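Please look over the chain shown here before reading on. Some questions about its fold and packing follow, each with a reasoned reply.

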Amino acid sequence: MTDDVSLDAVRLPGLGAAVRDTVRDRVGRVMGHVGPYVQLRPLTGGREWDADPLHLRPLTPSELLSALVAEANARSRQPG
């Protein structure tokens with residue numbers, strides 16, 4: 001999608017949807033919608049960030065599985 005697309009024409013992802021924020025190249029789960037932004041949180045929890053819905057795309061099932069495995073692996077490498 002391009003920046004000149006109206007938000008009226010954009011279908012916002014539903015709560016709980018797993019999406020990729022293409023600006024930040026991050027994967028998150030939709031936690032809410034406030035104003036023109038969508039609030040995302042990492043799939044396994046963490047700090048939320050605001051994303052422009054024009055730059056979100058849904059994850060495929062294989063992308064979702066890959067992202068969950070990557071986050072689990074990252075957590076397992078952390079001390080403590």
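The questions below go from the overall fold to the strands, the cores and one charged residue.

This is a predicted model, in which local features need pLDDT of at least 70 and side-chain atom pairs count only at pLDDT 80 or more, while totals for chains, interfaces and linings use all residues. Residues are numbered from 1 along each chain as its sequence is written, and side-chain values use heavy atoms, with hydrogens and water left out.

Q: What pattern does the chain follow when read along the sequence?
A: Helices (H or I, at least four residues) and strands (E, at least two) are taken as DSSP runs, numbered from the N terminus. The chain holds one helix and five strands. Read along the sequence, their pattern is β-β-β-β-β-α.

Q: In which sense do strands E1 and E2 pair?
A: Two strands pair if DSSP finds at least two bridges between them, and four bridges link E1 (residues 18–21) to E2 (residues 26–34). Among the positions involved, Arg-20 has Val-27 in E2 as its bridge partner. The sense of the pairing is antiparallel.

Q: Which residue takes a positive phi in the hairpin of E2 and E3?
A: E2 and E3 (residues 37–41) run antiparallel and are joined by five bridges, with Val-30 standing opposite Leu-40 in E3. Their hairpin has two residues between the strands, and the positive phi, near 60°, belongs to Gly-35.

Q: Which elements give two or more residues to the largest nonpolar core?
A: A nonpolar core is a set of buried (under 20% relative accessible area, 1.4 Å probe, protein chains only) Ala, Val, Leu, Ile, Met, Phe, Trp, Tyr and Cys residues joined through side-chain atoms within 4.5 Å. The largest has seven residues, namely Val-19, Val-30, Val-38, Leu-40, Trp-49, Ala-51 and Leu-56. The elements that give two or more residues to this core are E3 and strand E4 (49–51).

Q: Which side chain of opposite charge is nearest to Glu-71?
A: Glu-71 is found in helix H1 (residues 61–77), and, leaving aside neighbours within four places in sequence, Glu-71 is in contact (heavy atoms within 4.5 Å) with Val-27, Pro-42, Leu-43 and Thr-44. Lys and Arg count as positive and Asp and Glu as negative, with His and the chain ends not counted. Although buried, Glu-71 has no salt bridge, a term that requires a side-chain nitrogen of Lys or Arg within 4 Å of a carboxyl oxygen of Asp or Glu. At 4.9 Å, the nearest side chain of opposite charge is that of Arg-75.

Note on methods: Buried means under 20% relative accessible area, exposed over 50%, partly exposed in between (1.4 Å probe, protein chains only).
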